[in-house]
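Colleague: I would like a close look at a single part of this model, namely the way its helices pack against one another. Please take me through it in one connected account.

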Amino acid sequence: MSEALIAQGLSKSTPAELIADVQRLRTASLEAYYARQIEWSRETFGPALRTKGVIDHIRKELTEIEREPHDLSEWIDVVILAMDGFWRHGGKAEDLMPALLAEQQKNMARVWPDWRTMSEDSAIEHDRSRDATGTTGGDHG
């Protein structure tokens, strides 16, 4: 194991413990980034919900992505704006990773059509007939 990893607080232990340590550091760094972003956003744009403003900005970024889909910075702008909406509506920095993992788990448990039979220009939606709750929100595919 490299000295840099040991200096970051990783223990010299089993592979499973090393993986857990790396995951802890990744989460901590995302959480630290997000806490800093929340503070900056609150100071720069105020503490209000800004729901319509955030959505409007996301729409503008999506238009830019349509023009230049390979400009990765535009995709990151959408991520940052979504994270801004998340904290403004009650999420905390430490809530982000658990919320992402929960949504990922939910999506992975859903039944999806074979992507090869779908147009790449249309959303691929999960099979709603298999939803336990019957809700329609939260599609991510």
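Modeller: The model is a predicted one, and its protein chain comes to five helices and zero strands, so that, read along the sequence, the pattern is α-α-α-α-α. Of the 141 residues in the protein chain, 18% are buried. Among the contacts in the chain with a separation of 6 or more, 49% join residues that lie 24 or more positions apart.

The part I would look at closely is helix 4, together with the helices that it meets. Two packed helices are described by the angle between their axes and by the distance between those axes. For helix 2 (residues 15-45) and helix 4 (residues 72-88), the angle is about 80° and the axes are 10 Å apart. Since angles of 65 to 115 degrees count as roughly perpendicular, helix 2 and helix 4 are therefore described as roughly perpendicular to each other. On the side of helix 2, the contact is made by Tyr33, Tyr34, Gln37, Ile38, Ser41, Arg42 and Phe45, and these meet Ile80, Met83, Asp84, Phe86, Trp87 and Arg88 in helix 4. By class, the residues of this contact of helix 2 with helix 4 divide into eight nonpolar, two polar and three charged.

The arrangement of helix 3 (residues 51-67) against helix 4 is given by an angle of about 165°, with the axes 9 Å apart. With angles over 145 degrees counted as roughly antiparallel, that makes helix 3 roughly antiparallel to helix 4. The crossing of helix 3 and helix 4 is left-handed. Helix 3 brings Val54, His57, Ile58, Glu61, Leu62, Glu64 and Ile65 to this contact, where they meet Glu74, Trp75, Asp77, Val78, Leu81, Ala82, Asp84, Gly85 and Arg88 of helix 4. Sorted by class, the contact of helix 3 with helix 4 has eight nonpolar, two polar and six charged residues.

Asp84 belongs to helix 4, and it appears in the contact with helix 2 as well as in the contact with helix 3. With a relative accessibility of 10%, Asp84 counts as buried, because the cut-off for that class is under 20%. Leaving aside its neighbours within four places in sequence, Asp84 is in contact with Ser41 and Val54; Ser41 is one of the helix 2 residues named above, and Val54 is one of those in helix 3. Asp84 and Leu49 are 35 residues apart in sequence, and their C-alpha atoms are 9.4 Å apart in space.

Between helix 2 and helix 3 runs a loop, and Arg50 is found there. The phi angle of Arg50 is near 55°, which is a positive value in a residue other than glycine. At a relative accessible area of 40%, Arg50 is partly exposed.

Helix 2 also packs against helix 5 (residues 93-109), and here the axes come within 8 Å and cross at roughly 130°. Helix 2 and helix 5 are therefore oblique to each other, and their crossing is right-handed. Thr27, Leu30, Glu31, Tyr34, Ala35 and Ile38 of helix 2 make this contact with Ala93, Glu94, Leu96 and Met97 of helix 5. By class, the contact of helix 2 with helix 5 has seven nonpolar, one polar and two charged residues.

These contacts lead to the nonpolar core. The largest such core has six residues, which are Tyr34, Ile38, Met83, Trp87, Ala93 and Leu96, and helix 2, helix 4 and helix 5 each supply at least two residues of it. Ile38 shows how these helices come together: not counting residues up to four places away in sequence, it touches Trp87 and Ala93. Tyr34 and Ile38 of helix 2 are named in the contact with helix 4, and Tyr34 and Ile38 are named again in the contact with helix 5.

Beyond helix 5, the segment that follows holds Asp131. At 16% relative accessibility, Asp131 counts as buried. Not counting residues up to four places away in sequence, Asp131 touches Arg110 and His126. Asp131 and Arg110 are 21 residues apart in sequence, with a C-alpha to C-alpha distance of 7.8 Å.

Key:
Residues are numbered from 1 along each chain as its sequence is written. This is a predicted model: local features need pLDDT of at least 70, side-chain atom pairs count only at pLDDT 80 or more; totals for chains, interfaces and linings use all residues. Side-chain values use heavy atoms; hydrogens and water are left out. Axes are lines fitted to C-alpha atoms, for helices over the stretch in contact, and angles run from 0 to 180 degrees between N-to-C directions. Helices (H or I, at least four residues) and strands (E, at least two) are DSSP runs, numbered from the N terminus. Angles under 35 degrees count as roughly parallel, over 145 as roughly antiparallel, 65 to 115 as roughly perpendicular and the rest as oblique. Contact means heavy atoms within 4.5 Å. Ala, Val, Leu, Ile, Met, Phe, Trp, Tyr, Cys and Pro count as nonpolar, Asp, Glu, Lys and Arg as charged, and the others, Gly among them, as polar. A crossing is left-handed if the near helix is turned anticlockwise from the far one by less than a right angle, and right-handed if clockwise. A nonpolar core is a set of buried Ala, Val, Leu, Ile, Met, Phe, Trp, Tyr and Cys residues joined through side-chain atoms within 4.5 Å. Buried means under 20% relative accessible area, exposed over 50%, partly exposed in between (1.4 Å probe, protein chains only).
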